[in-house]
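Biologist: Hey, got a minute to walk me through this one? I'd like to go over the helix contacts and then the strands.
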Amino acid sequence: MADDVDRIVEQWRRERPDLETDAMAVFGRVYRLARIVGDRQERVYGALGINRGEFDVLATLRRAGAPFQLSPKALAASLMLTSGGMTGRLDRLERAGLVARSPDPADRRGLVITLTGAGRTLIDEAVAVGLAAQREVLERLPEPRRRQLAALLRELLAAAEES
């Protein structure tokens, strides 16, 4: 069954038969799939009052384990953000009572960001509904094919990160 990506690839083959379009067939689908699922996740996070960027901060703190705290620098590095981008997210999350800033006991010039009880409750719910949105799409493939797809993507990602 042909999809939009097949049609685009076929148009390029017709117009530019000299091009190798296998990569377009793969990455066009990866991009579209990521966008579709990302949009679904954004909607479920929005229903909880947060956006994807705020989810990422809360999830990073939650994954850090008890006491669910990191320095702003560690958070920014983990999320590949500038300090300015991180500050804006932290300001919004702090106003919402989801994180707290406090002095770093190990560095009097530094801060630590701690997930509050409300933040932990919210991120635990957000992770669950976000995964449900992903599963809704992924479960359309039989379980062995899902494992195969995960393995192939892991292999391709490793190769891309090496180059």
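Modeller: Sure. Contact here means heavy atoms within 4.5 Å. Keep in mind that this is a predicted model.

Biologist: Okay, so which residues of α3 meet α6?

Modeller: On the α3 side they are F55, L58, A59 and R62. They meet R120, L122, I123, D124, A126 and V127 in α6.

Biologist: What's the split by class in the contact of α3 with α6?

Modeller: Seven residues are nonpolar and three are charged, with no polar ones.

Biologist: And at what angle do the axes of α3 and α6 cross?

Modeller: Roughly 105 degrees, and the axes come within 10 Å. α3 covers residues 52–63, and α6 covers residues 117–138. With that crossing angle, α3 is roughly perpendicular to α6, because 65 to 115 degrees counts as roughly perpendicular.

Biologist: Switching to the strands. In what order do they sit in the sheet?

Modeller: The order is β1-β3-β2, in an open sheet of three strands with antiparallel pairing. The edge strands are β1 and β2, each pairing on one side only.

Biologist: Does α3 come into this again, and which strands does it touch?

Modeller: α3 packs on the sheet and touches β1, β2 and β3. Its direction makes about 100 degrees with that of β3.

Biologist: How many bridges join β2 to β3?

Modeller: Six, with β2 at residues 99–104 and the two strands running antiparallel. They form a hairpin, with two residues between the strands.

Biologist: Give me the register. Which residues in β3 are across from A100, R101 and P103?

Modeller: A100 has T114 as its bridge partner, R101 stands opposite I113, and P103 is partnered by L111.

Biologist: What about β1, how many bridges does it make with β3?

Modeller: Two, again in the antiparallel sense. β1 is just residues 69–70, while β3 spans residues 107–115. L70 in that pairing stands opposite I113, and I113 also faces R101 of the other edge strand.

Biologist: Any odd backbone geometry I should check? Which peptide bond is cis?

Modeller: The one from A66 to P67, with omega near 10 degrees. P67 lies in the loop between α3 and β1.

Biologist: And what's the phi of F68?

Modeller: Positive, about 60 degrees, although F68 is not a glycine. F68 is also placed in the loop between α3 and β1.

Biologist: Last topic, the start of the chain. What caps the N-terminal end of α1?

Modeller: D3 does, with a side-chain oxygen 3.1 Å from the backbone nitrogen of V5.

Biologist: How far does α1 reach from its first C-alpha to its last?

Modeller: It reaches 17 Å, close to the 16 Å expected for its twelve residues, 4–15.

Methods
Residues numbered from 1 in each chain as written. Predicted model: local features only at pLDDT ≥ 70, side-chain atom pairs only at ≥ 80, totals over all residues. Heavy atoms only, no water. Pairing = 2+ DSSP bridges. Helix = DSSP H or I, 4+ residues; strand = E, 2+ residues; numbered from the N terminus. Expected span 1.5 Å × (residues − 1). Polar contact = N/O pair within 3.5 Å; in protein donor to acceptor, adjacent residues only side chain to side chain. Axes fitted to C-alpha atoms, helices over the stretch in contact; angles between N-to-C directions. Parallel < 35°, antiparallel > 145°, perpendicular 65-115°, else oblique. Nonpolar A, V, L, I, M, F, W, Y, C, P; charged D, E, K, R; others polar.
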